[in-house]
Amino acid sequence: MERKEMFEKMAQAIVEGKKEEAAKLAQEAIQSGIPPLEAMDAFTKGIQIVGEKYEKGEFFLPELIMGGDAMKEALNILESEIKKRGEKRKTLGKVVIGTVEGDIHDIGKTIVASMLSANGFEVFDLGTDVTADAFIAKIKEVGANILGMSALLTTTMSNQAKTIKALSSEGLRDKVKVIVGGAPTSQSWAEEIGADGHGENAIEAVRVAKELVK
Ligand code: B1M
């Protein structure tokens, strides 16, 4: 297969959300001597198309999730090859993400985490019911430059504000950009609590994150 044709197939596998096909193409790329970083670029084109289609209303949540899953599958294979070779993958930034304390909703947060990862961020997902202290400890541990917090309950969204205050007390506020999201949150809520951005959905979260690390 010509390299160009292979790259098109890689992007297409992501657009169609075909996990096995994406994994197979990632393996084939390595075997045929394509540098893993170049293969990643080809897959990334696919996830960008998924994002565009979602924004135009041509794709819905299931396609977004399937595209993200296929992307993860390919990235796992390529990333372990990159590690083996001692190469460095260029990442857009380090994101610590989680659902705030008292809140166990994780479906939206996990989609956001996987979209950020698929789009080139290194993501540390702390799961759900994450305290301000746990967010801060992880940010310090990995040297994150973005914090993403999800909240699905009107009773827990205040913990986004609490964590931002804790970031300031720790002297980290100017080093870390904060993105908030989740159904009860909004742009005006983000502004009220001093976050740097709000994501209405996963694609917007990626756009905001990219904007913030520019
Ligand atoms: Co709960 N729940 N739930 N629930 N639940 C809601 C949120 C609720 C609106 C249902 C309702 O009453 N109509 C309501 C909240 C009311 C309110 O506060 N205003 C509610 C309630 C009350 C509760 C309990 C208190 C119920 C009870 O026990 N009495 C309880 C709370 C438990 C707790 O957290 N402590 C509870 C429990 C649960 C389940 C465990 C059963 C389950 C969660 C399973 C799981 O997540 N693993 C659940 C579910 C599934 C829902 C609904 C039905 C669906 C949520 C969801 O996954 N949506 C929800 C009703 C609804 O939303 N229609 C409801 C799909 C997901 C893709 O969307 O999470 O919005 P979403 O994420 C989007 C965007 O918001 C955005 O991008 C995502 C992708 O597009 N986004 C971000 C999210 N995080 C982001 C972060 C970002 C940027 C964007 O940057 C960092």
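Author: A salt bridge is a side-chain nitrogen of Lys or Arg within 4 Å of a carboxyl oxygen of Asp or Glu. The model is predicted: local features need pLDDT of at least 70, side-chain atom pairs count only at pLDDT 80 or more, and totals for chains, interfaces and linings use all residues. Residues are numbered from 1 along each chain as its sequence is written, and side-chain values use heavy atoms, with hydrogens and water left out.

Reader: With which residue does Asp196 form a salt bridge?

Author: The closest N and O atoms of the pair are 2.9 Å apart. The partner of Asp196 is Arg173.

Reader: Why does the pair of Asp196 and Arg173 tie together separate parts, and how many residues apart are they in sequence?

Author: Helices (H or I, at least four residues) and strands (E, at least two) are DSSP runs, numbered from the N terminus. Asp196 sits in the loop between helix H8 (187-193) and E5. Arg173 sits in the loop between H7 and E4, so the pair joins parts whose separation is 23 residues.

Reader: Is Arg173 buried or exposed?

Author: Buried means under 20% relative accessible area, exposed over 50%, partly exposed in between (1.4 Å probe, protein chains only). Its partner Asp196, at 33% relative accessibility, counts as partly exposed. Arg173 has a relative accessible area of 18%, so Arg173 is buried.

Reader: How many salt bridges does the structure hold?

Author: One of them joins the side chains of Lys18 and Glu16, at 2.8 Å from N to O. Lys18 is partly exposed at 40%, and Glu16 is partly exposed at 37%. Other salt bridges share partners and join Glu21, Lys24 and Glu28 into one network. The total for the structure is 15.

Reader: Which side chain does Glu38 meet in a salt bridge?

Author: The N to O distance is 3.5 Å. The pair links distant parts of the chain, 35 residues apart: Glu38 in helix H3 (residues 36-55) and its partner in helix H1 (residues 3-15). Glu38 is partly exposed at 35%, and the partner is partly exposed at 39%. That partner is Arg3.

Reader: In what order do the five strands form the open sheet?

Author: Two strands pair if DSSP finds at least two bridges between them. Here the pairing is parallel, and the order is E2-E1-E3-E4-E5.

Reader: Which strands stand at the edges, each with a single partner strand?

Author: One side of each edge strand is left without a neighbour in the sheet, because each has a single partner. The twist averages 25 degrees from one strand to the next. The edge strands are E2 (122-125) and E5 (197-199).

Reader: Which residue in E5 stands opposite Ile179?

Author: Strand E4 (residues 177-181) runs parallel to E5, and three bridges join the two. Opposite Ile179 stands Gly197.

Reader: How many of the five residues of E3 are buried?

Author: Both faces of E3 are covered: Ile146, Gly148 and Ser150 are buried on one side, Leu147 and Met149 on the other. E3 is therefore largely enclosed by the rest of the structure, and its buried residues number five.

Reader: Which residue in E3 is the bridge partner of Val96?

Author: E1 and E3 run parallel and are joined by five bridges. Across from Val96 the partner is Leu147.

Reader: Through which helix does the chain cross from E3 to E4?

Author: E3 and E4 pair in the parallel sense over five bridges. In E4, the bridge partner of Ser150 is Gly181. The β-α-β crossover is right-handed (clockwise from the first strand over the helix to the second, with strands pointing away from the viewer). The connecting helix, residues 158-169, is H7.

Reader: At about what angle to E1 does helix H5 run?

Author: Axes are lines fitted to C-alpha atoms, for helices over the stretch in contact (heavy atoms within 4.5 Å), and angles run from 0 to 180 degrees between N-to-C directions. Helix H5 (residues 107-118) lies across strand E1 (94-99), E2 and strand E3 (146-150), and the angle to E1 is about 170 degrees.

Reader: Which residue is the only protein donor of the cobalt atom of the ligand?

Author: Donors are N, O and S atoms within 2.8 Å of the metal (3.2 Å for Na, K and Ca); water is not among the atoms, so sites may look incomplete. The NE2 atom of the donor lies at 2.2 Å. The residue lies in the loop between E1 and H5. The donor is His105.

Reader: What phi does Asp129 have?

Author: Asp129 lies in the loop between E2 and H6. Asp129 is partly exposed, at 41%. Although Asp129 is not a glycine, its phi is positive, at about 55 degrees.
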